[in-house]
Amino acid sequence: MLPFRKSRGVGRLITAGALGDPLFQWFSTVVAFGVIGLLVVITVILSLAASESIRAFGLGFLTGAVWNPVPPLVFGSLPFVYGTLVTSALALLFGVPISIGIAIFLSELSPPWLRIPLTYVVELLAAVPSVVYGLWGIFVLGPVMRASVEPVVQGIFGFLPIFQGNPIGTDKFTAGVILAIMIIPTISAVSREALLAVPENQREAALSLGATRWETTRLAVLRYARAGIFGAVILGLGRAVGETMAVTMTIGNRNAISVSLFDQGQTIASWIANNFLNATDPLELSALIELGLVLMLMSLVINIFARLMLGRVLRRGEGSA
Amino acid sequence: MNLGAFFCVVIALIPLGSLLFEATVRGIRSISPGFFALTTANGGIGNAIQGTLILIGLTAAIALPVGILTGIYLAEYGKNRVGAAIRFFVDVMTQIPSIVVGIFAFSLLLELGAIGIVSSRLVFSTTTGVIALSTIMIPFVARTSEEALRLVPISTRESALALGIPRYRAILRVVLPSASSAVITGALLGIARVGGETAPLLMTCLGSGYWFEGLDQPCESLPHTIYVFALGPDSALNQAAWGASLILVLMMLGIAIASRVVIRLRAGTR
Amino acid sequence: MERLHRASGPRRTWIVAAVVAVVAILVAIAALAGLFNPSPVQKTSLLGSGATFPYPLITKWSSAYFNETGGRVQVNYQGIGSGAGIQAITAKTVDFAGSDAPLNPSERAAAPGLLHIPETIGAVTAAYNVASLSSGLNLTGHVLGEIFLGKITTWNHANISALNPGVSLPSSTITVVHRSDSSGTTFVWTSYLRLENPGWDPRLVGKSINWPVGIGASANAGVAGKILTTPDSIGYVELAYTVQNSMKVADVRNPVGNFISPTLASVAAAAASAPALPSPDGDWNNVTILNAAGATSYPIASFTYLLVYKQLNTVGTSMTQAKAQALVDFLWWGVHDPGGQQYSAGLVYPPLPATVVTLDEQAIRSITFNGQTLHS
């Protein structure tokens, strides 16, 4: 196939690039701007729809603890923000150590023949849809939590307020554990890249000073990759905050702030999923969309923060025209 | 420490193993020819599979060209401040939670219906679902395509241009094919991601117990069926949810494996 | 240059990609063309959404009517809760809606021209999952109120054992299950609890309330499912679901003093004492058959309504004359026997009393399209 073809007139101008180049550049630019236009449309539509609620409640929306759909209509997002923060914190608490362990194993310790299959398998965790995790949470993890794990935890730590109450397996604790499982692939993959980006001379220098394998990893590699790992954790947090289905199927759907992890709760995403079609009053629909904007902003801030951390680590690719 | 790190791997694999095990054991019991031939109204998932295929087919048809073109723009023409801004905003779009995309699509169609441009009845339809899923897939494919194109060495571009072919031809006939495996992988991953989404479909496609009725009618989908079947009291439907999950996970796995195969094919013939 | 084009690597990849694309397109075309389900008949699709209270019955109607019309009319009813039904019909995103809660004044103002068409009667049961107890635990509205307010927290509480002498009650904690979505069943249940509990906060009556305790689940099916998967739980579920899934339900004391088991007969007895009903386009806010008269009447029964616009041409451009006719024909079929009502008893919904059928006929006859009535 030859790049030049016999052509006439406009066709020739296009194939010769005089017309084709600017045309193609213009076309791809228009499409790219169109995609941003879509973002503008999203922002405009959601902001307009939420404006009624924003005007009605102002900043009180963020601090209000009551969601009351009957007159007097009062909508506050605090129980949902609380639920989101608690379940995400749990997800990080359980997910981060495991993810970093996996990242260390895959980048530093694993024998080569095990590395690639194991990487694929960990990635498989990310391929499972959220609703399937929810299904597993209802019928497998929930009963295990109720029958075994939560009573044991309550037995040991029951003096703490966060482990009091009646554990039934459908609660913030279970939701947090499932979220932890779901964010492990994200955090471990990005952490692994951060660890791989550590120059070999760092390890060599530590080893030459007589450090053991573990000391090398801890002092030379982990410390160097600190920013990247932190960025990975924040990315995982961003993912946890937006997770909907697995959470709504395991958290118990209770719009109240309670201290105990064994109590039911509600996150922003699960409340919107549950209640969005139910809002009979236009103000409630507006409030739900405002809640969606709050979630979007949370996610955005978290991810910008993560990318700042990861900027140096993830920038790669040699070919730029 | 070796043991500790390995232990972490094992802990992470336990839920995955349990999930795949349960999905297989519980799901296999539902699998029968009838399972695929019957609609969800009769305990099967045929219309759900059909709905998911149509949704991801239409979404891919829209999102792949738009996303790849945007990726080309970002990689080839986006080296300036404008390109950096667009890249930033495309990144922002990839981070929008899928439930928010769902309420956007719903609100958009509701607004259009209220103004009178379309019928309000279109709010709950396949079209709205495709709009939502495309909004998720386009920025994802744009970023993966851009990353893929960036991996192509400068030398490839330079040698093409040195031979005198126009830039756009260099991109389409030389650079894009070189990056094809990564671009295809990104496309496949985007399709897998969108195929498993439930939240945006709750308020757009709604659901249906019938075979696909049209782009202006609600439609069923595999993730939505799993959600509905899982929550009900009927143990036969709970089991059908496991069967549907097995099918869905197999589809996701199939796509993940396909993308690996594509990379291997590409790498193997280099 | 030629080598770049002629190498087998990229070509093979493109072939793979092309094959995948072709398969995908074929699947999509096949699906769209309806090859999976060939049908030469011109179909009319009607969409309804709302109450899960009558969902088993309306779903049965959908498939039966589909067969009756030879596949010409497909009624798709999505059970997403009464509140969602009201939202949808107000926004005209559906053709009809279902709700067990009649429209309150503000909802009526937001959607003028809606008719209430009671299509069946059902009952709200107190369903529980306690391994050591059988069905038929005696409970009163007062005790149920205390349970759902979180004042009674264990199964062997004195108030419960007083009603059930001779029954050994476990000491386990009660887990309350309620609705998380906007529900007509919640409206009926909380209305009843308010009748039986003088201290019941009026703000805790409605489709969507802030429950003091308990787990939330979506739809009647979700509550039933949650009860079945949560030991020592109790929740409120429409009767049909508890029968279909062999759930344990309480015998609730009625105003006469008898503990009544929720059955087809006891709910029919409650329906028989139906009060005078308003006109279909009137205000139904005060219609109730709670604590119905009669020694054998189950105290927590309720009508459930289909909400339809009287002037169907105002619904939007997608509501054509043909669709309006199909909707009216479906409604007429639904409230009659032979017709929808012949399936009611089998699904544990009492057939409509004759007076209600007459009222529904009046309602359906008043539905117009561009001024023309659709059913004479």
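Which are the buried residues of α3(C)? They are C:Tyr55, C:Pro56, C:Leu57, C:Ile58, C:Trp61, C:Ser62 and C:Tyr65. The legends below begin with this helix and then turn to other parts of the predicted model.

**Figure 1. Helix α3 of chain C and its buried residues.** Helix α3(C) has 14 residues. From its first C-alpha to its last the helix reaches 19 Å, close to the 20 Å expected at 1.5 Å a residue. Its buried residues include C:Trp61, C:Ser62 and C:Tyr65. An α-helix has 3.6 residues a turn, so residues three or four places apart point the same way. The cover over the buried residues of α3(C) includes the strands β2, β3 and β4 (114-129) of chain C. It also includes the helices α10 (239-244) and α12 of chain C. Just after α3(C), C:Gly70 adopts a positive phi of about 65 degrees.

**Figure 2. Strand β1 of chain C with its two partners, β2(C) and β3(C).** Strand β1(C) covers residues 44-50, and 6 of its 7 residues are buried. With β2 (residues 73-79) of chain C, the strand β1(C) pairs in the parallel sense over 7 bridges. Within this pairing, C:Ser45 has C:Gln74 of β2(C) as its bridge partner. Strand β1(C) also pairs in the parallel sense with β3 (residues 96-99) of chain C, here over 3 bridges. In that pairing, C:Gly48 stands opposite C:Phe96 of β3(C).

**Figure 3. The β-α-β unit of chain C.** Strand β1(C), helix α3 (residues 55-68) of chain C and strand β2(C) together make a β-α-β unit. What is the handedness of this unit? The unit is right-handed. Strand β2(C) thus appears in two roles: it pairs with β1(C), and it is among the elements that cover the buried residues of α3(C).

**Figure 4. An open sheet of 3 strands in chain C.** The order of the strands is β5-β10-β11, and their pairing is mixed. Which are the edge strands of this sheet? They are β5 (138-139) and β11 (259-260) of chain C, each of which pairs on one side only. Strand β10 (residues 251-253) of chain C pairs with β11(C) in the antiparallel sense, over 2 bridges. In this pairing C:Val252 has C:Ile260 of β11(C) as its bridge partner.

**Figure 5. Two asparagines with positive phi, A:Asn253 and C:Asn370.** A:Asn253 has a positive phi of about 55 degrees, although it is not a glycine. This residue lies in the loop between α11 (245-250) and α12 (268-275) of chain A. Is A:Asn253 buried or exposed? It counts as buried because 31 C-beta neighbours lie inside 10 Å. C:Asn370, another residue other than glycine, has a positive phi near 55 degrees. Its place is the loop between β13 (368-369) and β14 (372-373) of chain C. C:Asn370 counts as exposed because it has 10 C-beta neighbours inside 10 Å.

**Figure 6. A cis peptide bond in chain C.** The peptide bond from C:Asp337 to C:Pro338 is cis, with omega near 5 degrees. C:Pro338 belongs to the loop between α12 (321-334) and α13 (354-365) of chain C. Helix α12 of chain C also helps to cover the buried residues of α3(C).

**Figure 7. The contact between chain A and chain B.** Chain A contributes 67 residues to the contact and chain B contributes 75 residues. Helix α2 (residues 20-57) of chain A gives the most to the side of chain A that touches chain B, with 16 residues. By class, this side of chain A has 47 nonpolar, 17 polar and 3 charged residues.

**Figure 8. Chain B, a chain with 12 helices and 0 strands.** Along the sequence, chain B follows the pattern α-α-α-α-α-α-α-α-α-α-α-α. Its C-alpha atoms fill a box of roughly 65 × 65 × 35 Å, taken along the principal axes. Of its 270 residues, 64% count as buried. Among contacts in chain B between residues at least 6 apart in sequence, 74% join residues at least 24 apart.

**Figure 9. Confidence in the prediction.** The predictor gives the complex an ipTM of 0.92 and a pTM of 0.92. Chain C has an average pLDDT of 90, and 90% of the residues score at least 70. Over residues 1-7 of chain C, however, the pLDDT is below 50. Beyond near neighbours in sequence, this stretch has 3 contacts in the model. Where pLDDT is low, the predicted coordinates should not be read in detail.

Terms used:
Residues numbered from 1 in each chain as written. Chains lettered and ligands numbered in written order. Predicted model: local features only at pLDDT ≥ 70, side-chain atom pairs only at ≥ 80, totals over all residues. Pairing = 2+ DSSP bridges. Helix = DSSP H or I, 4+ residues; strand = E, 2+ residues; numbered from the N terminus. Contact = placed C-beta atoms within 7 Å. Nonpolar A, V, L, I, M, F, W, Y, C, P; charged D, E, K, R; others polar. Buried ≥ 20, exposed ≤ 12 C-beta atoms within 10 Å, placed from the backbone. Right-handed = clockwise from strand over helix to strand, strands pointing away. pLDDT = per-residue confidence, 0-100. Expected span 1.5 Å × (residues − 1).
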